[in-house]
Amino acid sequence: MLFLSGVARYLFVPMAEAVIFAMIASYFLSRTLVPTLVMLMMRKSHGQAATTNEEARPSLLQRLYRSFDRRFERVRRAYTLLLSSLLAHRGPFIAFFLGFCLLSCGLFPVLGRDFFPTVDAGQIRLHMRAPTGTRIE
């Protein structure tokens, strides 16, 4: 990375620096923030005596975790119910799904097909900026 020059230097050095900084940040967070958060979340499970204030009101991190966990479990329960009801009624669901796929194929004539603009192969355009007075030959 240090001995590159020209275009390769402008392309690869910023990418390499980004990777290096990301690895340094990851190492720093894994050695500082993560252990601190683990100690806050696992405070009572390591045999440390809990005070009555902590038992009465959980910390902000614990409340956030419990709130996320409740919502996640609610979504998981709804997904499980939906999946089990669809599995119980396989025939109608398969018919509905295949009908939806066939109807979607009916949209084909309406959809655009031009991923790339039309190009005249005999024409070449070159856009460049040059100092005033540069001769074009």
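In which helix does arginine 74 lie? The answer is helix α4, and that helix is a good place to begin a walk through this predicted model. Helix α4 covers residues 60–88, so keep that stretch in view as we go.

Let's stay with arginine 74 for a moment. Its relative accessibility is 51%, and because the cut-off for exposed is over 50%, arginine 74 counts as exposed. Arginine 74 also belongs to a positive surface patch, whose members are Lys44, Arg66, Arg70, Arg71, Arg74 and Arg77.

Now look at a pair of charged residues in the helix. Side chains of opposite charge can pair when their charged atoms come close. Glutamate 73 and arginine 76 give an example: their side chains meet in a salt bridge, with 3.7 Å from N to O. Since the rule asks for a nitrogen within 4 Å of a carboxyl oxygen, this pair qualifies. The count for the model comes to one salt bridge. Both partners lie in helix α4, three residues apart, which is about one turn of the helix.

How accessible are the two partners? Glutamate 73 is partly exposed, at 26% relative accessibility. Arginine 76 is partly exposed too, with a relative accessible area of 47%.

Finally, turn to glutamine 62, which is also found in helix α4. Is glutamine 62 buried or exposed? With a relative accessible area of 14%, it is buried, because buried means under 20%. Setting aside residues up to four places away in sequence, glutamine 62 touches Leu40 and Met41.

Notes: Residues are numbered from 1 along each chain as its sequence is written. This is a predicted model: local features need pLDDT of at least 70, side-chain atom pairs count only at pLDDT 80 or more; totals for chains, interfaces and linings use all residues. Side-chain values use heavy atoms; hydrogens and water are left out. Helices (H or I, at least four residues) and strands (E, at least two) are DSSP runs, numbered from the N terminus. Buried means under 20% relative accessible area, exposed over 50%, partly exposed in between (1.4 Å probe, protein chains only). Contact means heavy atoms within 4.5 Å. Patches are made of residues with over 30% relative accessible area and no salt bridge: like charges are joined within 9 Å, nonpolar side chains (Val, Leu, Ile, Met, Phe, Trp, Tyr) within 5 Å. Accessible areas come from the Shrake-Rupley method with a 1.4 Å probe; for residues, only the protein chains shown count as cover. Lys and Arg count as positive and Asp and Glu as negative; His and the chain ends are not counted. The place of a charge is taken as NZ of Lys, CZ of Arg, CG of Asp or CD of Glu.
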